[in-house]
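Student: I would like a close look at a single part of this protein, the nonpolar core, set in the context of the whole chain. Please take it step by step.

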Amino acid sequence: MDFHRTHFKPSPGAFDQEGLDYLESRYLSFTEARQMRISAIGGYVHFPYIVNGEILRWKSRSMHNKKVQFWSPLPEGAKWEAPFFNESSTAPGQYLIITEGEFDCLALSEIGAVNVVSLPNGASG
C-alpha cells in the first residue's frame, strides 16, 4: 500500500486547482462540496464519513480513474459500521433519497434535494 493510502489525511473542504477544475468538469459546485466537507487535492476526491459529528474515515477516489478508490485507515480502537455518505446532515424520522454514489448525492443536494445520502460502497454494497 502506498504512502498516500496509509498516511494522507485531507482537510475538510480543502481544494487545489486540479480539484476545482475536476468539480467544474462534472458541473458540480465548490460551495456545495465544501459544505459537505468534501476535499479534492492531490489527484483524489476525498469524501468524509462522519459518525457522531466527527470524521471517522475518508473514502478517496482518483480524479483520473474512478476504479481507483480506497478508505483511510480506521483510528485505533474504532468500530466501523459504514454509514451512508452525508447521513449526518439528514433529519431523523424523515424520508431518505438514497443514491448509488457520493457524486450523485452531491448533485442532488445542489439542486435542492434534502435528506440525500449515498451508499458507502456504491452499487456493490
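**The nonpolar core and its surroundings**

Tutor: Read along the sequence, the pattern of this predicted model is α-α-α-β-β-β-β-β-α-β. That makes four helices and six strands in the protein.

Overall dimensions come before the core. For 125 residues, a compact globule would have a radius of gyration near 14 Å, and the protein agrees because its own value is 14 Å. The C-alpha trace spans about 40 × 40 × 25 Å along the principal axes. Of contacts between residues at least 6 apart in sequence, 48% join residues at least 24 apart.

Next, burial and surface. Of the 125 residues, 39% count as buried. The exposed area is about 7400 Å², and carbon and sulfur atoms supply 50% of that area. The protein carries 11 positive and 14 negative charges, and the mean positions of the two sets are 5 Å apart.

Now the core itself. In soluble globular proteins, nonpolar side chains tend to be buried together. Here the largest nonpolar core has 17 residues, and the members that touch the most other members are I38, V45, F47, F85 and L106. Three elements give two or more residues to this core: helix α2 (17-25), strand β2 (44-51) and helix α4 (102-110).

I38 serves as the example. Leaving aside neighbours within four places in sequence, I38 is in contact with G13, A14, F15, A33, V45, H46, F47, P48, F85 and L106. That list includes V45, F47, F85 and L106, which are named with I38 among the core members that touch the most others.

The residue just before I38 in the numbering is R37, in the loop between α3 and β1 (39-41). R37 is not a glycine, yet has a positive phi of about 70 degrees. With a relative accessible area of 31%, R37 counts as partly exposed, because that class lies between the limits of 20% and 50%.

A second non-glycine residue with a positive phi is Y27, at about 60 degrees. Y27 lies in the loop between α2 and α3 (30-35). Its relative accessible area is 72%, so Y27 is exposed, the cut-off being over 50%. Helix α2, on one side of that loop, is one of the elements that give two or more residues to the core.

The last region to consider is around W71 and S72. W71 is found in strand β4, and S72 is in the loop between β4 (69-71) and β5 (97-99). W71 has a relative accessible area of 23% and is therefore partly exposed, whereas S72, at 10%, is buried because its value is under 20%.

Both residues can be related to R57. W71 and R57 are 14 residues apart in sequence, and their C-alpha atoms are 6.9 Å apart in space. S72 touches R57 and W58, not counting residues up to four places away in sequence. Going along the chain from S72, A91 is 19 residues away in sequence, and the C-alpha to C-alpha distance between S72 and A91 is 27 Å.

To return to the part requested: the core has 17 residues, with α2, β2 and α4 each giving two or more of them. I38 is in contact with V45, F47, F85 and L106, among others.

Terms used. Residues numbered from 1 in each chain as written. Predicted model: local features only at pLDDT ≥ 70, side-chain atom pairs only at ≥ 80, totals over all residues. Heavy atoms only, no water. Rg over C-alpha atoms; globule rule 2.2 N^0.38 Å. Buried < 20%, exposed > 50% of the residue type's maximum accessible area, 1.4 Å probe, protein only. Contact = heavy atoms within 4.5 Å. Areas by Shrake-Rupley, 256 points an atom, 1.4 Å probe, with all protein chains shown as cover. Lys, Arg positive; Asp, Glu negative; His and termini not counted. Charge placed at Lys NZ, Arg CZ, Asp CG, Glu CD. Core = buried A, V, L, I, M, F, W, Y, C linked by side-chain atoms within 4.5 Å.
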